[in-house]
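Colleague: I should like to understand the terms used for this model. May I ask how each one is justified?
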Amino acid sequence: MKVGSEHSGYPLHRTWPFERNPLLVFWETTKACMLACKHCRASAILKSLPGELTTEEAYKLIDDVAAFGQPYPILVLTGGDPLLRSDIWDIIAYAKGKGLRLAVAPAVSPNLTEDKVKKLAELGVDGVSISLDGSRPEIHDGIRGTSGVFEKTLWAIKTFQEYGVRVQVNTAVMRDNVHDLADIAALLLKLGVKVWEVFYLVPVGRAQLELNLTPEEWEDVSHFLYEASKYGLVVRTSEGPMFRRVAITRMLLELAGKNPDEALNTGPLYRQLVSRLRQLLGEPQGKPLASTTGTRDGKGVIFVSYNGTVYPSGFMPYPLGNIRVKSLVEIYRENLILKRLRGARFEGRCGRCEFREICGGSRARAYAVTGKPFGEDPACPYRPGTFSVMVSKLGVRVENVVREIEGLKYVLPPG
């Protein structure tokens, strides 16, 4: 669950104090979950593991989040399935009592009932994220490992909306569903969903390399998502920061009166997905709602595991400390690995790239594939410097369009 371009009066790119405060604190409340998703980061199991944070330790974590001070991070309760914790209602009430914005990521399983939806609404949860990985039961249920989950997911989205809880839909892109993305986008619009968070697969947990796409296919997915954002969907990505580069590039070309598809030589997957999107929804009428917020693993994002170990993100199991030993505030602000991640001091192409501040590559994917947390993202085909050459050929003065494109000033300085 993420926010838009403004939160508590702080424009995210310009003044959010990433060095001091994360924007999002994810807490893996439990490993327990009734589903068996084939790409599960957490390798979730039916029962909780020994060593989970106790209720009192959960309160201490919440106190830590509040101790960051204004602007408060958003606390995201994830799992496993957070609703399988017997003390979850006390935890939610405590967090709301501290004045925190709170999001919950419940598993869509038999454990999710209307009574629990109602209780989440009554406790003032600010939003929920619901996973939808296919436009049809055979795709979604196949990925989720349980039959009937697709229909229950549609029910969950509608029911949360009826109770006035903001719903963000998360989709994990992989080999099994990549050709279904246009149909998923159309379904979300039909359901009245406004925010689509798209996860670019990282081979951790149960997610295996055979589910992954090629760099060229990921590039086509990014181009497609930009087009999908013109239909009224706010599109964000998780572990797909190259989407920001693609969005900024396409925006600039459009402002210069150029056809991005011709200028950027998009591939067959993009053409197939966009053709299907136009078939389902017609030509887009709105402006792109593609988010280019420059968070990444360890910069604006921090993850606390079920046993208190802190990681840059849930997809990057690089231990930084434990909240049972140090406060989350101290770990986030003082850890040298996090300082380097926030400073965009990377290796390889990511270190030379003009988009290293606004993108920086997926640190989780670099770590998972190469074992190097600062290495280049193997899913990105971009050659550093290409954008700079393109801008010079266009003859576009960056200062004339920098205000039109979120994040552009972090790529090329004005003038």
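Colleague: How much space lies in the second largest cavity?

Modeller: The model is a predicted one, and in it the second largest cavity holds about 110 Å³ of space.

Colleague: What makes it a cavity and not a pocket?

Modeller: A cavity is a set of points where a 1.4 Å probe fits but cannot get out, whereas a pocket is open. The structure holds four cavities of 30 Å³ or more. With about 110 Å³, the second largest of them is above that cut-off.

Colleague: Which residues lie nearest the centre of the second largest cavity, and how is its lining divided by class?

Modeller: Of its 13 lining residues, Arg349, Cys350, Cys353, Cys359 and Cys380 lie nearest the centre. By class, the lining has seven nonpolar, two polar and four charged residues. Cys counts as nonpolar and Arg as charged.

Colleague: What is the volume of the second largest pocket, and which residues are closest to its centre?

Modeller: The volume of the second largest pocket is about 540 Å³. Its lining comprises 24 residues, and Glu219, His223, Arg245, Leu264 and Asn265 are the closest to the centre. Eleven of the lining residues are nonpolar, six are polar and seven are charged. At least two residues of this lining come from each of α7 (215–228), α8 (242–255), α9 (260–264), α10 (268–281) and α15 (386–394).

Colleague: Why is Phe224 called a member of a nonpolar core?

Modeller: Members of such a core must be buried, belong to a listed set of residue types that includes Phe, and be joined through side-chain atoms within 4.5 Å. Phe224 belongs to the largest nonpolar core, of 115 residues, where Trp196, Phe224, Leu328 and Phe387 touch the most other members. Beyond four places in sequence, Phe224 is in contact with Leu181, Ala182, Trp196, Tyr270, Leu273, Val274 and Leu277. Apart from this core lies another, of eleven residues, among them Trp16, Ala103, Phe303 and Tyr311. In soluble globular proteins, nonpolar side chains tend to be buried together.

Colleague: What share of the chain is buried?

Modeller: Of the 415 residues, 59% are buried, so each of these has under 20% relative accessible area.

Colleague: How do you know which part of the model calls for caution?

Modeller: The chain has a mean pLDDT of 90, and 89% of its residues reach 70 or more. Over residues 1–13, however, the pLDDT is below 50, although this stretch has 50 contacts in the model beyond near neighbours in sequence. Where pLDDT is low, the predicted coordinates should not be read in detail.

Methods:
Residues numbered from 1 in each chain as written. Predicted model: local features only at pLDDT ≥ 70, side-chain atom pairs only at ≥ 80, totals over all residues. Heavy atoms only, no water. Buried < 20%, exposed > 50% of the residue type's maximum accessible area, 1.4 Å probe, protein only. Contact = heavy atoms within 4.5 Å. 1 Å grid on protein atoms, 1.4 Å probe; cavity = no way out; pocket = protein on both sides within 12 Å on 5 of 7 lines; lining within 4 Å. Points joined across faces, edges and corners; volume = space filled by probe spheres on them. Helix = DSSP H or I, 4+ residues; strand = E, 2+ residues; numbered from the N terminus. pLDDT = per-residue confidence, 0-100.
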